[in-house]
Amino acid sequence: AAHQESLPRLPVPPLQKSLEKYLWSVRPFLSDEEYLNTSRIVKEFGAPGGLGEKLHEKLSEKARTTENWLSDWWLDTAYMEYRMPVVVYSSPGLVMPIKEFDSVERQLRFSARLLAGALDFKSLIDNQTLKLEKMGGQPLDMSQYLKIFSTCRVPNIPKDSLAFYGMEKDRPKHIVVVHNNHYFSVDVYGNDGKPLNESQLLAQLQRVIEQSQFPKLPIGALTTLDRDNWAKAYKRLCKYDSMNKESVRVIQKAILVLCLDKPVSDAGLLNRKTHVALQTIHGGGAQANGGNRWYDKTIQFIVGGDGVVGLTYEHSPAEGPPITQMMDHVYDYIDKTRGNKWLPSSAVTEPTKLRFRLSDETVQDIEEAEKDLKSLVDDLEMSCFTFEAYGKDFIKSQKLSPDSYIQMAIQLAYFKIHGEIAATYESASLRKFLHGRTDVIRSASVDSLKFCEEMAKKSSLPADKVLALRTAVESHKDYTNQAVNGMGIDRLLLGLKKIALESGMNVPDLYMDGGYTTSTHFKLSTSQVPSSLDSFMCYGPLVPDGYACCYNPRPSFINFGLSACNSSPATHSSNFMAALTESLTEMHDCLVQTQKSKL
């Protein structure tokens, strides 16, 4: 915790330089005429003594008086004020290697080990012995780790809030286990304050299963509603009976949620990976496992009777990397320990079933939620796959940045299908700074377009292609470097807009211009979430006519989670998968050919 104090504050990037960078980033999406118009608007905004300078001065003033000028605005804009459901729109899934459970006993035994690993990780956080993470030698902000356990999002109008119970003196001792849509409060620490060991955890889970043999109404489906409707349903549920309010509070305070899922068919899907991905994102709807959840909880482990293993997390308190770090630790624990790692707790409380009394209105709310969830499930289509020909070792051997290289393959894949490039969002970590979250790496650029055109040209020689690839990769790497050092443009533009609104001004013209709307309609939503495991993260597209592409580059292969919407006729994740595979293959072949010709 001591190092947190010494972390640098998030800077406010200089205005003129940022506006130049912004113009360069919108160039590939605009015709000459549109570009002239956008340039004029940007020039006016950035004129000496003009609106941009005034807003920039106010923003710099805010930065001088706060620990992080962005963090509250970002939490509100990206999450708390966002009214779409968290399912599909916001909460990512993390897909773990698939298991084979030949019995419920095996499913529970594995779940107990998963929980023991999570408690082992939690002890590192509680005792402040978690290894300090660094990027390029610089320490990173570790505060997200304090927010992943015993945290819950609470619906409200006009905006939600986050409840943190992990910081309280009297820290929660229980998790919530959901099975057949029944909720149980299960203590994972005994009355002596010691964590339960694996055998004790297994016994707790067996008691849960015994008491929940028959499915109940999927009350958890309510958490999949859009936030305004859920907020209203939440009030009705808690007001109708104080028992409901108490049960909800127990769920909110829980360290985490464990969802013991029933087996469901994966018919018609690309592969098992894709099946698991969909289970982690939406559970296949309320008839499958979509109601066996509480989507407002930060962490929900999912262990299905059919060997599905993963988690879904509510995105507002943390980014993917801390969640993945936790899972890496959990699996490391599972690999290295056989049986109980610690002595049993001497005083264990048995699980208690959480009771709900449902009004007719709430029953109706649940039906509504089931219907809405079905539309979400029907609209999301995914292709999750492993690119097996090579991984980051080959890319590094070519003296190229693996992330920038994969981003260029994504650019080329889009270009192959659509004959143009599209605005691309890649998240850049701002954790070098106190309370840092993310900014955007705008991967689609003048150089990425030139690279795509060069690759598509019939007359182009391998050497020309490689030159264009290296240029595009360097340019992306440079942008990444600026973004992680607080010099991106997207969060600055958000800050200037927020300052204008808070000062009672109109939204500046810059934000109404085609250059802005086109370059922020992110048809490609991408993220690298590395893990030491054969796992990957996945989520839904940012815009209805776009794709999501999350990846985990391993030394000799790359895992991809791709998604698109069925409602958009132009986008199919299976086409994107084929184009991406082709792009990665062609890039490799050009590099190898030019190397051979040099020998």
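**An enclosed helix, a mixed sheet and the contact between two domains**

In this predicted model, helix α5 (residues 71-80) has seven of its 10 residues buried, so the helix is largely enclosed by the rest of the structure. The buried positions of α5 are Ser71, Trp73, Trp74, Asp76, Ala78, Tyr79 and Met80. Their cover is drawn from several elements, including the helices α4 (51-65) and α17 (490-502). Strands also contribute to the cover of α5, among them β4 (151-154), β5 (161-164), β13 (424-429) and β14 (438-441).

Two of the covering strands, β13 and β14, are paired with each other in the antiparallel sense over four bridges. In this pairing, Ala428 faces Asp439 in β14. Strand β13 also pairs with β15 (residues 524-528), here in the parallel sense and over three bridges, and Glu426 stands opposite Thr526 in β15. The loop that leads from β13 to β14 contains His435. The phi of His435 is near 60°, a positive value in a residue other than glycine. With a relative accessible area of 26%, His435 is partly exposed.

The loop between β4 and β5, two further strands that cover α5, holds Pro158. The peptide bond joining Ile157 and Pro158 is cis, with omega at about 5°. Most residues other than glycine have a negative phi, and most peptide bonds are trans. A positive phi outside glycine is also found at Asn181, where the value is near 70°. Asn181 is placed in the loop between β6 (174-179) and β7, and it counts as buried at 10% relative accessibility.

Strands β6 and β7 belong to an open sheet of eight strands, ordered β11-β7-β6-β8-β9-β10-β1-β16, in which the pairing is mixed. The edges are formed by β11 (352-353) and β16 (536-538), each of which pairs on one side only. At the β11 edge, two bridges join this strand to β7 (residues 182-187), and the two run antiparallel. Ser185 is the residue that stands opposite Thr352 in β11.

Within the sheet, strand β9 (residues 299-304) has six of its six residues buried, so β9 is largely enclosed by the rest of the structure. Ile299, Phe301 and Val303 point one way from the strand, whereas Gln300, Ile302 and Gly304 point the other way, and all are buried. On the side of β8 (residues 257-261), β9 pairs in the parallel sense over five bridges, with Leu258 opposite Phe301. The connection between these strands involves helix α10 (residues 272-281), and β8, α10 and β9 together make a right-handed β-α-β unit.

The pairing of β9 with β10 (residues 309-313) also has five bridges, but these two strands run antiparallel. Ile299 of β9 stands opposite Tyr313 in β10. The two strands form a hairpin with four residues between them. In the turn of this hairpin, Gly307 has a positive phi of about 90°.

Beyond β10, the loop leading to α11 (320-336) contains Glu319. This residue is buried, with a relative accessible area of 10%. The side chains of Glu319 and Arg437 are joined by a polar contact of 2.8 Å. Leaving aside residues up to four places away in sequence, Glu319 touches Tyr79, Gln144, Tyr313, Arg437 and Thr438. Of these contacts, Tyr79 is one of the buried residues of α5, and Tyr313 is the residue of β10 that stands opposite Ile299.

The protein is divided into domain 1 (1-67 + 388-594) and domain 2 (82-130 + 172-379). The C-alpha centres of the two domains lie 33 Å apart. Their contact takes 22 residues from domain 1 and 29 residues from domain 2. Between them, domain 1 and domain 2 bury about 1,900 Å², of which 57% is on carbon and sulfur atoms. On the side of domain 1, Arg437, Phe536 and Met537 supply 31% of the area buried against domain 2, more than any other three residues. Arg437 is also the partner of Glu319 in the side-chain polar contact of 2.8 Å.

Note on methods
Residues are numbered from 1 along each chain as its sequence is written. This is a predicted model: local features need pLDDT of at least 70, side-chain atom pairs count only at pLDDT 80 or more; totals for chains, interfaces and linings use all residues. Side-chain values use heavy atoms; hydrogens and water are left out. Buried means under 20% relative accessible area, exposed over 50%, partly exposed in between (1.4 Å probe, protein chains only). Two strands pair if DSSP finds at least two bridges between them. A crossover is right-handed if, with the strands pointing away from the viewer, the path from the first strand over the helix to the second runs clockwise. A polar contact is a pair of N or O atoms within 3.5 Å; within protein, one must be able to donate a hydrogen and the other to accept it, and residues adjacent in sequence count only if both atoms are side-chain atoms. Contact means heavy atoms within 4.5 Å. Domain bounds come from an automatic or database domain assignment. Buried area is the accessible area (1.4 Å probe) that two parts lose on being put together, summed over both.
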